[in-house]
Amino acid sequence: MKTTPTIEEVTALAKRRGFVYPSSEIYGGFVGIYDYGPYGAELANNIKSIWWKSMVQMEDNIVGLDSSIFTRPEVWVASGHVGGFSDPMAECKECNTRSRADHLIEEAGGFADEKMSPEEINKVFEEYKDKISCPNCGKKNFAKVKNFNLLAQSNLGNFSEDWTKEPTYLRGETCQGIYINYKNVLDTARVKVPFGIAQIGKAFRNEIAPRQYIFRKREFEQMEMQMFVEPDAEMTVYEEWRKKRMQYYLDLGIKKENLKWHEHENLVFYAKAAWDIEYKFPFGFKELEGVHARGDYDLTQHMKHSGAKLTYREEGGEEYTPHVVETSVGVDRTFLAVMTEFYDKDELGGEERTVMRFPYRLAPIKAAVFPLLKNKPELVKKAREIYDTLKMDIRSEFDDSGNIGKRYRRQDEIGTPYCITVDFDTLEDGKVTIRERDSGEQKRVAIEDIVKEVSA
Ligand code: ATP
């Protein structure tokens, strides 16, 4: 039976096969930042387009948005990020490494989270002091826990020398771009409450301890959807979206036993409900997506700080501030979840292989075309011809390097569902051999039927 791969196995394959590289690697890497290589970029694009299709194409009352990374700094004051978006940081006095105090407390068996005040966290930290050691050097000598703001600052548009007094911020989450455009969308997109706005984009957080590979990055990408609803309908809509979002992961091919719901212990004061969908990553069940009922907090805050009127009135009806139901997931966490879920090892034709069993729509490359031998010009020519036609319809690849066994192994490791081989018989009978990734089964197919055969 398939078991969850180790994080080392996933990381090694992702590096070896061009899915994920550490950023600035030639300079020694850059903590919390990663780059997607050729197959990683394809996989991330597929993840984004599947999400976009499920939200914007399939839902009649959801529209898309692409708001900017930079906004007026007031946005982040209104959202509460400038004042309160901070993580408790414990600094080791021996090696100067910083760790999340709430994580250290949890690992020692206690409970703490980022919503507690520094005094509260320090009290719990003190209680568990004997059980907490530095993850880097193992010593138990920490400075007092301090709060550290997670917003990344910049001098964009500020030319003074002491710009740090009035910084602009790189967005810490994509949804603020949705709230500040809510009125624009309402006025221009022919939508009526209940309606949603969906967006995919980069977000930045100065995470104190980025870790677990691409699970916690400093630059990452979010896919968020905010549904604006009538106050009384909030919880009904919320329950609908909880069901839809879990079903989405099952439809993606993730096994039920690798997903579970987790209810937030400490709700922020304005929230009505907050549940996370957790996935069984190689390091255990952890948050993949948050599904939240946020009340009217967000629009109310922006009305207060901007002076704009963000209320809603149906024809002949009462005026109210819409409540928000949100679904929020990271591209990178989905990426790591599907790399984990579909990683497999088996034996084929007496040889052990690693195979990424991506469902067709996630696979970076759908079909690869090989000439059986690379030093036979007539085979190479025919294979090229077939590839040149195929690539018009299907994301495919041509490969004539190494022996055929090596080419299969490479395509298995990047999860290509079909390999198409051109041999000497092809020149006679106009047929190719198509090999299916999971079963290894091969069949002869006429050249004109290839597209049909290797389509979804
Ligand atoms: P966590 O508790 O793990 O820090 P969060 O509750 O702060 O996450 P949200 O602010 O709800 O996360 O963000 C929504 C989603 O964005 C998360 O479910 C996750 O998929 C993704 N996300 C958040 N922070 C990061 C990060 N540093 N790196 C990668 N993805 C992230």
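Asn46 counts as buried, at 14% relative accessibility, where buried means under 20% relative accessible area, exposed over 50%, and partly exposed in between (1.4 Å probe, protein chains only). Asn46 sits in helix H2, residues 38-57; helices (H or I, at least four residues) and strands (E, at least two) are DSSP runs numbered from the N terminus. Leaving aside neighbours within four places in sequence, Asn46 is in contact with Arg361, Leu362, Ala363, Pro364 and Lys366, contact being defined as heavy atoms within 4.5 Å.

A note on the model helps at this point. The structure is predicted, so local features need pLDDT of at least 70 and side-chain atom pairs count only at pLDDT 80 or more, while totals for chains, interfaces and linings use all residues. Residues are numbered from 1 along each chain as its sequence is written, and side-chain values use heavy atoms, with hydrogens and water left out.

Phe358 also touches Ala363 and Pro364. This phenylalanine lies in the loop between strand S18 (351-356) and strand S19 (367-371) and, at 1% relative accessibility, is buried. Not counting residues up to four places away in sequence, the contacts of Phe358 further include Phe19, Leu43, Val338, Met339, Phe342, Ile414, Gly415 and Arg437. Phe358 and Val338 are 20 residues apart along the chain, and their C-alpha atoms are separated by 7.7 Å.

Val338 is one of the buried residues of helix H11. Eleven of the eleven residues of H11 are buried, so this helix is largely enclosed by the rest of the structure. The buried residues of H11 include several with charged side chains by the usual count (Lys and Arg positive, Asp and Glu negative; His and the chain ends not counted), among them Asp332, Arg333 and Glu341.Asp332 of H11 takes part in a salt bridge with Lys217, at 2.6 Å from N to O; a salt bridge is a side-chain nitrogen of Lys or Arg within 4 Å of a carboxyl oxygen of Asp or Glu. The pair links distant parts of the chain, 115 residues apart: Asp332 belongs to helix H11 (residues 331-341), and Lys217 to the loop between strand S9 (195-204) and strand S10 (219-229). Asp332 is buried, at 3% relative accessibility, and Lys217 is buried as well, at 5%. Salt bridges with shared partners also join Asp344, Asp346, Arg353, Arg357, Asp412, Arg435, Arg437 and Asp438 into one network.

Two further pairs round out this view of the salt bridges. The side chains of Asp102 and Arg100 meet at 3.0 Å, N to O, and both residues are buried. Arg72 and Glu74 form a salt bridge at 2.7 Å, N to O; here Arg72 is exposed, with a relative accessible area of 58%, and Glu74 is partly exposed, at 37%. A search of the whole structure finds 42 salt bridges.

On the surface, two patches can be described. Patches are made of residues with over 30% relative accessible area and no salt bridge, with like charges joined within 9 Å and nonpolar side chains (Val, Leu, Ile, Met, Phe, Trp, Tyr) within 5 Å. Glu230, Asp232, Glu314 and Glu315 form a negative patch, the place of a charge being taken as NZ of Lys, CZ of Arg, CG of Asp or CD of Glu. Glu315 lies in the loop between strand S14 (312-313) and strand S15 (319-320) and, at 82% relative accessibility, is exposed. A nonpolar patch is formed by Leu372, Leu373, Phe424 and Leu427, with about 290 Å² of accessible area together; such areas come from the Shrake-Rupley method with a 1.4 Å probe, and for residues only the protein chains shown count as cover. Within this patch, Phe424 belongs to helix H14 (residues 424-429) and is partly exposed, with a relative accessible area of 36%.

Finally, the chain as a whole can be set out. There are 15 helices and 23 strands, and the C-alpha atoms fill a box of roughly 75 × 65 × 50 Å, taken along the principal axes. Of the 456 residues, 50% count as buried. Among contacts with a separation of 6 or more, residues 24 or more positions apart account for 64%. The chain exposes about 22300 Å², of which carbon and sulfur atoms supply 49%. The mean positions of the 66 positive and 77 negative charges are 3 Å apart.
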